[in-house]
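Here are some notes for a colleague who has not looked at this structure before. Please read them alongside the model.

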Amino acid sequence: MKVNWRLIHSARNSYVALYAACEQSGFILYPVKEPAGEVTCYSLNTINEPINEPGLRDEITNADCVTIIGGSHATAMYQDVIRYADYVVVGEGEYTLPRLLAAIEQGTSTAIPGVATKDHYEPADTDVRLDAYPAFSEMKGYVEISRGCPFSCGYCQTPQMFGHCMRHRSIDAVAQYANRYEHARFVSPNAFAYGSDGVHPRFDKIKRLFHHLRYQIFFGTFPSEVRPEFVCDTSIELVTQFCANSRLHFGAQSGSNAVLQHLKRGHTVEDVVRAVELCCDHGLTPVVDVILGFPFETDEDQLATVRLIKWVTGHGMVHAHHFMPLPGTPLSGTFARPIPLKTAQLCGKLALSGKLTGSWSDTAIKPHS
Ligand code: SF4
């Protein structure tokens, strides 16, 4: 059975991981630019989902082959997506997708936990153990070191997709993949939580991991950002001693403690300020994520965020986005507040001076710590 993978740039990480997982079960996911063969798989996330790209919905609807759709958008909206696809993989794909492909090939029942069809759905009955699957195979990818997040930030799809229990790839398994290339970059909802329950850091385990890595390490920067309250002398010294990155990337999201509390972020503005100062003390450039336009923000909350942006850009950089209510999140169904002209002008000015990046004029966010 010929199984294809629809190439979508923003879903490359999913392709890398699922290619390796399916290969292990004897299925190669051939890259295609349109649906073809007997089966074509898609990963739909927030950026490429069919509301933003209606062409994809039409393409899937009219595909002349079996279509399997996964990804964060499909997971959150499986009842909608199944109306135009044959199967939706809800949640993690490493275990479920090869199982579904085998059932399609053998003509056996596709009533599989974690797979939605037009007339059947039951949730997955197992969580993926990262060590059971390669981080990547032929295609180079980032090494996913941790999955799942104990927090429930109102705008974020990660816990819906991967659950609240943090799971980690073992040190040996991380090293096996990271040591294949000269630059080691990692995927994690919070890199400083490696080896821990996601709340109580285990910096000893991160240090042990670093001792197993041979080449240049990039940690706490794209795509393994961290949470601000995990930034401390110990964690920063791990970066300055072992890693090649000169930046540390973490999320503030708002300059208002009332907003952070509403979001259930689990940290305060003071944690962010402390993290920025610690970075500067240790010679690292802080890069701080901010989201503008939460629906429940007051004018005073917005001003507090603007003050934070100004202060951070005096010490490092800001990565700003306009809030987007993602499906499956606690804030789904709400509407972003418009960004005041003065705030947009400030962002533009800071962007021109190289102090701010992002897409504050678009309603798009990249959820992470
Ligand atoms: S934003 Fe980060 S900390 Fe918050 S739920 Fe998502 S992954 Fe977890």
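1. Two strands are said to pair if DSSP finds at least two bridges between them. Strand β4 (residues 66–70) and strand β5 (residues 87–89) are joined by 2 bridges, and the two strands run parallel. Within this pair, the residue of β5 that stands opposite I68 is Y87.

2. The wider setting is an open sheet of 6 strands. Its order is β2-β1-β3-β4-β5-β6, with mixed pairing. β2 and β6 (115–116) are the edge strands, and each of them pairs on one side only. In general, the strands of a sheet pair through backbone hydrogen bonds, in either a parallel or an antiparallel way.

3. The model is predicted, and confidence should be read before detail. The chain has a mean pLDDT of 94, and 97% of its residues reach 70 or more. Residues 364–368 are a stretch where the pLDDT is below 50. Beyond near neighbours in sequence, that stretch still has 16 contacts in the model. Where pLDDT is low, predicted coordinates should not be read in detail.

4. How is the chain divided? Domain 1 covers 3–116 and domain 2 covers 142–359. Between the C-alpha centres of domain 1 and domain 2 the distance is 29 Å. Each side brings residues to the contact: 10 from domain 1 and 10 from domain 2.

5. Which helices supply at least two residues each to the side of domain 1 that touches domain 2? They are α1 (12–24) and α3 (72–76). The largest share of that side comes from α3, with 4 residues. Sorted by class, the side of domain 1 that touches domain 2 has 6 polar, 3 nonpolar and 1 charged residues.

6. One loop residue is worth a look. G37 sits in the loop between β2 (29–32) and β3 (39–43). Is G37 buried or exposed? G37 counts as partly exposed because it has 14 C-beta neighbours inside 10 Å, while 20 or more would make a residue buried and 12 or fewer would make it exposed.

7. The surroundings of G37 can be listed as well. Setting aside neighbours within four places in sequence, G37 is in contact with K2, V3, N4 and C65. G37 and C65 are 28 residues apart in sequence, yet their C-alpha atoms are 6.5 Å apart in space.

Terms used: Residues are numbered from 1 along each chain as its sequence is written. This is a predicted model: local features need pLDDT of at least 70, side-chain atom pairs count only at pLDDT 80 or more; totals for chains, interfaces and linings use all residues. Domain bounds come from an automatic or database domain assignment. Two residues are in contact if their C-beta atoms, placed from the backbone, lie within 7 Å. Ala, Val, Leu, Ile, Met, Phe, Trp, Tyr, Cys and Pro count as nonpolar, Asp, Glu, Lys and Arg as charged, and the others, Gly among them, as polar. pLDDT is the predictor's confidence in each residue, from 0 to 100.
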